[in-house]
Amino acid sequence: MNCPGCSVEMTDLEGDHETLRKCGDCGGLWIDVSDLRRILLHNNLPGLEQLGGKVDAEALTGQCPDCQVDFVRIDGGDRTHPLHYDTCESCGGIFLESEFADAADAKAAEQEIVTFFRNFDAKRKAKAAI
């Protein structure tokens with residue numbers, strides 16, 4: 001599978017129950033939506049539907065490497081600390097850009113994914129409290 005961010009072949013990071021793919025060039029990470037849901041659940045995080053976020057219809061995000069459907073960008077956070085991920089409307093796969101350069105294996109990638117979505121959820125909660 002080629003990276004949606006830079007078209008370089010992604011490397012599989014095999015784990016116990018999931019297959020993550022990482023781009024060695026840009027550091028982007030691809031994960032199947034069912035694997036992501038399991039990771040979120042096992043780390044006491046809400047599901048994607050509850051995490052919210054806002055669709056950025058203007059973002060040029062590329063296409064899903066699995067089914068060649070255009071991605072949709074989901075924005076969270078705020079102007080000073082923007083967070084976003086890209087998702088495929090067809091298969092639900094998730095692409096996280098350039099945030100995971102240190103993830104050398106599936107366990108490290110999973111921890112970085114958890115950290116990303118904890119931050120995403122914290123920004124959502126902070127906005128709701130205002």
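Is strand S6 largely enclosed by the rest of the structure or largely exposed, and how many of its 7 residues are buried? Select S6, residues 82–88, in this predicted model. Of its 7 residues, 5 are buried, so S6 is largely enclosed by the rest of the structure.

**The whole protein**

Before going further, display the entire chain as a cartoon. The protein has 130 residues, and buried residues make up 41% of them. The secondary structure consists of 3 helices and 7 strands. Read from the N terminus, the elements follow the order β-β-β-α-α-β-β-β-β-α. Among contacts between residues at least 6 apart in sequence, 46% join residues at least 24 apart. The protein exposes about 7,300 Å², and carbon and sulfur atoms supply 46% of that area.

**The hairpin of S6 and S7**

Return to S6 and add S7, residues 94–96. The two strands run antiparallel and are joined by 2 bridges. Select aspartate 86, and then phenylalanine 95 in S7, which stands opposite. The hairpin has 5 residues between its strands, and in this hairpin glycine 92 takes a positive phi near 85°.

**From the hairpin to helix H1**

Next, select valine 33, which is found in helix H1. Valine 33 has a relative accessible area of 12% and is therefore buried. Which residues does valine 33 touch, leaving aside those up to four places away in sequence? They are Leu48, Cys91, Gly92 and Gly93. Draw a distance from the C-alpha of valine 33 to that of glycine 93: the two lie 5.0 Å apart in space, although 60 residues separate them in sequence.

Now extend the selection to the buried residues of H1, which are Val33, Asp35, Leu36, Arg38, Ile39 and Leu40.

**Two residues with a positive phi**

Most residues other than glycine have a negative phi. Two stops on this tour have a positive value.

- Select asparagine 44, in the loop between H1 and H2. Its phi is near 55°, a positive value in a residue other than glycine. With a relative accessible area of 74%, asparagine 44 is exposed.
- Select glutamine 68, in the loop between strand S4 (54–56) and S5. Its phi is near 60°, again positive in a residue other than glycine. At 47% relative accessibility, glutamine 68 counts as partly exposed.

**The largest nonpolar core**

Show side chains and select Leu20, Leu36, Leu48, Tyr85, Ile113, Phe117 and Phe120. Of the 25 residues in the largest nonpolar core, these touch the most other members. Several elements each supply at least two residues of this core, including strand S3 (29–31), helix H2 (48–51), strand S5 (71–77) and helix H3 (106–129). Which element gives the largest share of this core? H3 does, with 7 residues.

Centre the view on phenylalanine 117. Not counting residues up to four places away in sequence, phenylalanine 117 touches Leu36, Leu40, Leu45, Leu48, Leu51, Tyr85 and Leu96. Apart from this core lies another, of 8 residues, among them Cys23, Trp30, Cys64 and Cys88.

**The aromatic rings**

Finally, show the aromatic side chains. The count comes to 7 aromatic pairs. Begin with phenylalanine 71 and phenylalanine 95: their ring centres are 6.4 Å apart and their planes are at 10°, so the pair is stacked. Phenylalanine 71 belongs to strand S5 and phenylalanine 95 to strand S7, so that this pair, 24 residues apart, links distant parts of the chain. Phenylalanine 71, at 7% relative accessibility, counts as buried, and phenylalanine 95 is buried with a relative accessible area of 1%.

Move to phenylalanine 117 and phenylalanine 120, an aromatic pair with 6.2 Å from centre to centre and 55° between the planes, which is tilted. Being 3 residues apart in helix H3, these two are separated by about one helical turn. In an α-helix, residues three or four places apart point the same way, because there are 3.6 residues a turn. Phenylalanine 117 and phenylalanine 120 are both buried.

To close, add Tyr85 and Phe116 to the selection. Ring pairs link these residues with Phe117 and Phe120 into a cluster. The tour thus ends in S6, where Tyr85 lies within residues 82–88.

Notes:
Residues numbered from 1 in each chain as written. Predicted model: local features only at pLDDT ≥ 70, side-chain atom pairs only at ≥ 80, totals over all residues. Heavy atoms only, no water. Core = buried A, V, L, I, M, F, W, Y, C linked by side-chain atoms within 4.5 Å. Buried < 20%, exposed > 50% of the residue type's maximum accessible area, 1.4 Å probe, protein only. Helix = DSSP H or I, 4+ residues; strand = E, 2+ residues; numbered from the N terminus. Contact = heavy atoms within 4.5 Å. Areas by Shrake-Rupley, 256 points an atom, 1.4 Å probe, with all protein chains shown as cover. Pairing = 2+ DSSP bridges. Phe/Tyr/Trp six-rings, centres within 6.5 Å; stacked < 30°, edge-to-face > 60°.
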